[in-house]
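Work through the exercises below with the sequence and the model at hand. Each task is followed by a solution in steps.

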Amino acid sequence: MENQVLNFDIELGGGGGSSGISDDVIEIDHPIDNEEMVDTPDAAADGSIKAMTTTRSGSAGAVYIPETELDLEPYEGMEFESEEAAKAFYNSYARRVGFSTRVSSSRRSRRDGAIIQRLFVCAKEGFRNLNEKRTKDRERKRPRMITRVGCKAMLYVKVQVSGKWVVSGFVKEHNHELVPPDQVHCLRSHRQISGPAKMLIDTLQAAGLGPRRIMSALIKEYGGISNVGFTEVDCRNYVRSNRQRNMEGDIQLLIDYLKQMNAENPNFFYAVQRDDDHSTGNVLWVDPGGRMNYTYFGDTVTFDTTYRSNRYKLPFATITGVNHHGQPVLFGCAFLLNESEASFVWLFKTWLTAMLGRPPVSITTDHDSIIRSAIKEVFPETRHRFCKWHIFKKCQEKLSHILLQHTNFEAEFHKCVNLPESVDEFESCWLSLLDRFALRDNEWLQSIYSDCRQWVPTYLRDTFFAEISSTQHSDSMNSYFDGYVNASTTLSQFFKLYEKALESRNEKEVKADYDSINTTPLLKTPSPMEKQASERYTRRVFTRFQEELVGTLTFMATKAEDDEEATTYQVAKYGEDHKAYCVRFNVLEMNASCSCQMFKFSGLLCRHILAVFRVTNVLTLPSHFILKRWTRKAKSSVVLDDRPGDVVSGYLESHTVRYNTLRHEAFKFVDELAKNVETYEVAVAALQDAARRVADAAKNEGRSYAINGRAGENMTKYVRFGSNTCHDVQGNNSTHSEDEMDQKIRELSNELNAANRKCELYRSTLFSVLKEIENHRQQLSVKVQNVKLSMRDGG
């Protein structure tokens with residue numbers, strides 16, 4: 001039985017169909033590649049394609065008729081074994097004469113839905129429909145080039161009862177110039193990557209080469225771009241497809257690795273964001289060491305998305321901080337399959353969960369509006385800073401033409417950002433810079449100026465960012481995995497490199513700990529403050545503090561104002577009174593602040609406050625100016641004050657600190673000893689024996705405490721281990737609750753603090769009087785010497 005078809009008249013070379021096409025006709029449109037070159041070369045065809053231009057009556061313009069060998073040209077009645085054979089022949093013909101083809105429309109059988117007619121046309125057939133719904137619904141970021149010009153060249157084939165396909169219509173005239181042979185490889189239908197070319201691309205991609213370098217190698221290998229048979233765009237698309245296929249498998253390997261790490265240690269945290277179709281999305285993980293380090297150094301963090309593997313173009317993000325040696329410390333890692341705001345919000349919320357909901361004081365990121373929006377949502381109380389080193393680097397790209405014209409611009413730009421001490425000074429310097437180089441209308445400079453409060457240092461000094469040197473942030477940013485992650489790193493290779501990087505960083509921290517404890521720094525002054533700092537700070541932090549302390553020798557501190565709350569000093573270098581810093585000092589509370597805000601920004605006292613300490617005879621650093629995070633004991637769970645003269649500290653050390661230390665040491669063994677019955681029984685027996693020994697020691701020695709010269713009341717101690725309770729009863733056997741003792745301690749501590757403040761005030765006043773007396777004595781001595789000299793000269 002013959003196929004039952006609808007009567008169908010096709011308008012050859014029409015602009016995309018006619019009203020005569022029935023509902024059984026299915027049009028298949030092939031969208032033009034955004035990167036396709038326009039099929040209208042500037043040069044005419046060479047001798048191998050003889051294009052003849054004729055003018056027909058009623059024609060709107062020139063007609064181009066390709067001439068080729070007749071046996072290689074389609075004709076009506078020509079038969080093919082299959083539709084694909086017909087398509088291949090027409091495309092081969094198009095390649096020889098210089099145009100690109102596409103499938104325009106098809107027709108199916110009502111009986112079984114099989115295609116029974118097909119229309120192949122020139123790629124320039126028809127016209128673009130600018131009113132299509134898809135162009136209304138979304139605005140294109142990069143408009144496509146117009147390539148359709150209404151060309152009517154086509155090949156129409158239909159299937160016969162025998163199963164063969166026959167040409168029932170052929171138009172060879174074109175209304176546009178044809179492409180010469182050396183440009184045919186740019187036409188879309190002729191851009192194909194052969195098997196050998198794919199193998200070579202795979203090999204070069206595995207070696208870490210990008211699409212541009214791969215294409216250069218192919219051109220050299222095949223002896224010219226026209227012999228390659230495809231463009232760099234095709235190569236780039238093929239590399240991207242390869243990358244996507246490899247990435248999907250490697251992401252699963254990453255998740256399996258994270259599952260294994262979590263099984264080995266439940267404190268290893270990881271999370272995977274699933275898309276709507278339940279496919280794998282973004283991945284975040286934090287190792288146990290990172291979670292522990294965050295409890296010590298989580299006051300400021302850096303979120304860095306600049307690590308990218310050229311193999312995947314996959315953003316590898318790191319969340320880092322700064323330890324007590326000024327070294328970068330890892331707080332978490334993530335792979336982001338996309339960089340949408342929703343992805344960053346998920347990442348930050350999940351990471352905050354891993355860190356037990358404790359947000360940092362400050363966070364530093366690249367200059368990115370999407371990341372900024374996510375941080376505002378997840379960390380509303382955290383101070384957000386854009387990395388100025390990234391902005392400096394971007395300056396080289398955005399203002400390259402200015403750098404070529406003015407070699408001194410980059411240095412002037414850095415000075416304008418880094419040197420101003422106040423907002424007014426920066427504003428003045430910025431306007432002066434724009435005027436000198438005629439850049440007031442530069443859009444990029446306007447955009448970064450609008451965000452200046454988030455990256456210019458003078459706006460940020462009132463917030464802690466743990467920067468103890470001007471180059472520290474540029475060194476630590478982008479450096480945690482340097483030397484391990486590079487352009488050719490795959491996810492499957494990343495695991496081992498990740499572990500090696502962690503080992504290397506941990507080893508550097510151990511080495512710095514060893515140097516801080518077992519080496520003695522060279523002191524440069526006889527100051528007790530310098531000796532105190534050398535014993536408390538880590539080696540690198542002490543070196544930075546020492547620079548500030550020695551720097552006080554060039555500064556003069558002059559009392560400017562004295563009120564009930566504090567005394568104000570003007571601190572400046574000798575002969576530079578116009579560049580004075582303002583220091584307010586409350587001697588009763590031993591509290592000081594400086595207009596440079598260095599302590600707020602870095603956690604170290606500036607030379608200006610230290611200069612005031614020098615003139616007011618403050619010989620040692622007050623404890624609240626020594627941040628624990630910069631000390632050797634930064635990772636200790638208890639605070640041990642090693643100032644021997646502080647009696648209250650000594651008592652607290654013997655009570656609260658000892659209690660916390662014992663509890664901390666005991667908890668270290670609880671998990672291990674409770675794993676099985678044998679270790680549990682051994683532990684209980686050991687504790688019972690320890691209880692008896694503690695009771696005997698208490699009876700022999702007695703337990704009395706002296707605070708501020710007055711004996712404390714005897715206390716009853718209870719030591720309970722398992723089911724045994726040992727009592728230590730002394731004196732008149734009276735007992736006092738721990739709350740009463742703590743209250744007594746607080747009262748005595750307050751009295752002692754008040755007495756210390758008074759003593760400090762009296763001492764300061766006495767030293768001031770003595771200093772004035774000494775100055776007066778020196779002036780009198782000079783006058784006496786002058787009188788003696790004048791008498792001698794007169795005699």
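**Exercise 1.** In this predicted model, decide whether Arg 118 and Glu 83 are buried or exposed, and find how they are paired.

Solution. Step 1: Arg 118 and Glu 83 are both buried. Step 2: the two residues form a salt bridge, and their closest N and O atoms lie 2.5 Å apart. Step 3: this pair ties together distant parts of the chain, since Arg 118 belongs to strand 6 (residues 115–122) and Glu 83 to helix 1 (residues 83–97), with their positions 35 residues apart. As background, side chains of opposite charge can pair when their charged atoms come close.

**Exercise 2.** Find the residue that Asp 462 meets in a salt bridge, and classify the accessibility of Asp 462.

Solution. Step 1: the partner is Arg 383, with an N to O distance of 2.9 Å. Step 2: the bridge spans distant parts of the chain, from Asp 462 in the loop between helix 14 (443–450) and helix 15 (472–476) to Arg 383 in strand 15 (residues 383–386), 79 residues apart. Step 3: buried requires under 20% relative accessible area and exposed requires over 50%. Asp 462 has 42%, so Asp 462 is partly exposed. Arg 383 has 25% and therefore also counts as partly exposed.

**Exercise 3.** Repeat the analysis for the salt bridge between Glu 467 and Arg 385.

Solution. Step 1: the side chains of Glu 467 and Arg 385 meet at 2.8 Å, N to O. Step 2: Glu 467 sits in the loop between helix 14 and helix 15, Arg 385 sits in strand 15, and the two are 82 residues apart, so this pair too links distant parts of the chain. Step 3: Glu 467 has a relative accessibility of 13% and therefore counts as buried. Arg 385, at 7%, is buried as well.

**Exercise 4.** How many salt bridges does the structure hold, and which residues does the network of salt bridges link?

Solution. Step 1: the structure holds 22 salt bridges. Step 2: the network links Arg 544, Glu 547, Glu 548 and Arg 607.

**Exercise 5.** List the buried residues of helix 9 (residues 369–378), and state where they lie around its axis.

Solution. Step 1: Ile 371, Arg 372, Ala 374, Ile 375 and Val 378 are the buried residues of helix 9. Step 2: viewed down the helix axis, these buried residues fall within an arc of 165°, so they line one face of helix 9. Step 3: the N-terminal end of helix 9 is capped by Asp 368, which has a side-chain oxygen 2.8 Å from the backbone nitrogen of Ile 370.

**Exercise 6.** Describe the surroundings of Thr 631.

Solution. Step 1: Thr 631 lies in the loop between helix 20 (607–615) and helix 21 (647–673). Step 2: its relative accessible area is 7%, so Thr 631 is buried. Step 3: the side chain of Thr 631 reaches the backbone oxygen of Lys 628 at 2.7 Å. Step 4: apart from neighbours within four places in sequence, Thr 631 is in contact with His 324, Arg 536, Tyr 537, Thr 538 and Ile 626.

**Exercise 7.** Summarise the chain as a whole.

Solution. Step 1: the chain has 23 helices and 23 strands. Step 2: of its 795 residues, 41% are buried. Step 3: of the contacts between residues at least 6 apart in sequence, 62% join residues at least 24 apart. Step 4: about 44,600 Å² of the chain is exposed, and carbon and sulfur atoms supply 51% of that area.

Notes. Residues are numbered from 1 along each chain as its sequence is written. This is a predicted model: local features need pLDDT of at least 70, side-chain atom pairs count only at pLDDT 80 or more; totals for chains, interfaces and linings use all residues. Side-chain values use heavy atoms; hydrogens and water are left out. Helices (H or I, at least four residues) and strands (E, at least two) are DSSP runs, numbered from the N terminus. Buried means under 20% relative accessible area, exposed over 50%, partly exposed in between (1.4 Å probe, protein chains only). A polar contact is a pair of N or O atoms within 3.5 Å; within protein, one must be able to donate a hydrogen and the other to accept it, and residues adjacent in sequence count only if both atoms are side-chain atoms. Contact means heavy atoms within 4.5 Å. A salt bridge is a side-chain nitrogen of Lys or Arg within 4 Å of a carboxyl oxygen of Asp or Glu. The arc is that of the directions from the helix axis to the C-beta atoms. Accessible areas come from the Shrake-Rupley method with a 1.4 Å probe; for residues, only the protein chains shown count as cover.
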